[in-house]
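I opened my notebook to record how this chain is put together. I wanted to look up the strands, then the core, then the charged pairs.

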Amino acid sequence: MFTQNGKVIFVGSVRSGINGKTAKPWQAQEFVIETIERFPIKMAWRIFGEDLISKIQIREGEIVNVCGYPESHEYGGQWYTELKCTDVLDGNLSRVARMQM
């Protein structure tokens, strides 16, 4: 797990669906931060779960500390990596949401 500080530059809409194996509903939201460094980089994160999305309420323009982990999966012979968000603190370190792992 790692933590990255940055400014939120994009917040995607909430996506939802039904899991094909379990028939349970799901929700996910993506957001992008730009790091605050000499050579800034952009990092796309994914929040998974309706309760976590509603707790975090991420907004463009705010400075946040994002905690999470990378996870890779194979699909059609190709490997893909995504950053899964587990915690978000705003710039004042006053708001936190924890994902059940």
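**Entry 1: Strand pairing**

I began with strand 1 (residues 2-11) and strand 3 (residues 25-35), which pair in the antiparallel sense over five bridges. I am working from a predicted model. To fix the register, I looked up Lys7 and found Glu34 of strand 3 opposite.

Next I turned to strand 2 (residues 15-18). Strand 2 runs antiparallel to strand 3, and four bridges join the two. Here I noted Gly17, which stands opposite Trp26 in strand 3. Strands 2 and 3 make a hairpin with six residues between the strands. In that hairpin, I found that Ala23 takes a positive phi near 65 degrees.

Then I checked strand 4 (residues 42-48). How many bridges pair strand 3 with strand 4? I counted seven bridges, in the antiparallel sense. One pair I wrote down is Ala28 with its bridge partner Phe48 in strand 4. These two strands also form a hairpin, with six residues between them.

**Entry 2: The core**

Which residues have the most contacts inside the largest nonpolar core? I listed Phe31, Ile33, Trp45 and Cys85. The core itself has 15 residues. I then asked which elements supply at least two residues each. My list reads strand 3, strand 4, helix 1 (50-56), strand 5 (63-75) and strand 6 (78-90).

**Entry 3: Charged pairs**

I reminded myself of the basic idea. Side chains of opposite charge can pair when their charged atoms come close. I got six salt bridges in total. I followed up three of them.

I took Arg46 with Glu30 to start. Their closest N and O atoms are 2.4 Å apart. Why does this pair tie together separate parts of the chain? Arg46 lies in strand 4 and Glu30 lies in strand 3, so the salt bridge ties together parts that are 16 residues apart in sequence. I looked up exposure as well. Arg46 has a relative accessible area of 23%, so I logged Arg46 as partly exposed. Glu30 is at 32% relative accessibility, so Glu30 counts as partly exposed.

Arg46 also meets Glu82 in a salt bridge, at 2.8 Å from N to O. Glu82 belongs to strand 6 and Arg46 to strand 4, so this pair ties together parts that are 36 residues apart in sequence. Is Glu82 buried or exposed? I have Glu82 down as buried, because its relative accessible area is 18% and the cut-off for buried is under 20%.

My last pair was Glu71 with Lys84. Their closest N and O atoms are 2.6 Å apart in a salt bridge. Glu71 sits in strand 5 and Lys84 in strand 6, so I noted a link between distant parts of the chain, 13 residues apart. Glu71 is partly exposed, with a relative accessible area of 35%. Lys84 counts as partly exposed too, at 22% relative accessibility.

**Entry 4: Joining the pairs up**

Finally, I asked which residues are linked in a network of salt bridges. I wrote down Glu30, Arg46, Glu71, Glu82 and Lys84. Within that network, Arg46 is a partner of Glu30 and of Glu82, while Glu71 is a partner of Lys84.

Conventions:
Residues are numbered from 1 along each chain as its sequence is written. This is a predicted model: local features need pLDDT of at least 70, side-chain atom pairs count only at pLDDT 80 or more; totals for chains, interfaces and linings use all residues. Side-chain values use heavy atoms; hydrogens and water are left out. Two strands pair if DSSP finds at least two bridges between them. A nonpolar core is a set of buried Ala, Val, Leu, Ile, Met, Phe, Trp, Tyr and Cys residues joined through side-chain atoms within 4.5 Å. Buried means under 20% relative accessible area, exposed over 50%, partly exposed in between (1.4 Å probe, protein chains only). A salt bridge is a side-chain nitrogen of Lys or Arg within 4 Å of a carboxyl oxygen of Asp or Glu.
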